[in-house]
Amino acid sequence: MAGPGDDVTLTFGGNATTLLRLGGFTLLTDPNFIGRGQRVYLGKGLWAKRLTDPAILPDDLPDLDAVLLSHLHGDHWDRIAYATIDRETPIVTTQAAARALSSRGFRATADLRPWQVHEIGGDGETLRITSVPGVHGPGPLARVLPPVMGSVLELYRGGEVTWRGYVTGDTLYRPWLGEVLQRCGPLDTVIAHLGGTKALGITVTMDGRQGADLVELLEPPVTVPVHYDDYDRFASPLGDFVREVAERRVPGELRTVSRGETISLRA
């Protein structure tokens, strides 16, 4: 649990939806508000049914500095998000998602190319967001699924980085993700999208083995798994990841978080 002095925290809403409080900044990631039993459209005739209720709803949201969106799929930005997110809220996302959201009246989209940086200024603080490339659809599925991005978030105070975290987005593991360390430096936290999602019988998000591969590669002091049991397309439960990490004796702390719970992201 987060204590009263924590200045870098995560509140888990289910699936990939979190509230990140990073110093004086508040981000909402991948807003998904539909309830248990409802379905979302993923495109190309693909649907997914939600198996859980969300722990964060639009009425629960504080004032937001930005929404951080991995990609434009119905389980990351659903019909309730379209109806309730303020059109003036900055949305940091891929170029493809930004174009689609702009066409629906969202007027503050930041369309990032891989490794492009977007900054949000505050009272003596800066939040730097670096877009990290990802692979959502391997092979031919790359033409079917939308472009996806991860994000490295860096909290600056007095010109110094006081915390650095990586939100993976819906990517598969690839060894070149080690470039995150080369370009941005050592991480304090990885927030990993897992679940081993299946589309047309093909895995399109990290399963337990791939998630452990990523933790071994990046060696963060803290890893927080999300996106693993909320939809019927998930094929790799959280236990797969927990076992892989334990068996490999991967360094660092694994922090699992319940829906609605707030935890610290500092080691």
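Q: What volume does the second largest cavity have?
A: Keep in mind that this model is predicted. A search of the whole structure turns up two cavities of 30 Å³ or more. The second largest cavity comes in at about 50 Å³.

Q: Which strand gives the most to the lining of the second largest cavity?
A: Let's look at who sits around that space: the lining includes Thr29, Leu68, Met149, Gly150, Ser151 and Val167. One strand, covering residues 149–157, supplies three residues to this lining. That top giver is strand 11.

Q: How do the residues lining the largest cavity divide into nonpolar, polar and charged?
A: The largest cavity holds about 130 Å³ of space. It has 19 lining residues, and the closest to its centre are Leu42, His73, Asp75, Thr197 and Val204. Sorted by type, the lining comes out as eight nonpolar, seven polar and four charged.

Q: Why do strand 8 and strand 18 each have one side without a neighbour in the sheet?
A: Picture an open sheet of seven strands in the order 8-7-6-3-2-1-18, with mixed pairing. Strand 8 (109–112) and strand 18 (262–264) each have a single partner strand, so one side of each is left bare of neighbours in the sheet. It comes down to where they stand: at the edges.

Q: Which residue is the bridge partner of glycine 14?
A: Strand 1 (residues 8–14) and strand 2 (residues 17–22) run antiparallel and are joined by six bridges. Glycine 14 finds its partner in strand 2, and that partner is threonine 17.

Conventions: Residues numbered from 1 in each chain as written. Predicted model: local features only at pLDDT ≥ 70, side-chain atom pairs only at ≥ 80, totals over all residues. Heavy atoms only, no water. 1 Å grid on protein atoms, 1.4 Å probe; cavity = no way out; pocket = protein on both sides within 12 Å on 5 of 7 lines; lining within 4 Å. Points joined across faces, edges and corners; volume = space filled by probe spheres on them. Nonpolar A, V, L, I, M, F, W, Y, C, P; charged D, E, K, R; others polar. Helix = DSSP H or I, 4+ residues; strand = E, 2+ residues; numbered from the N terminus. Pairing = 2+ DSSP bridges.
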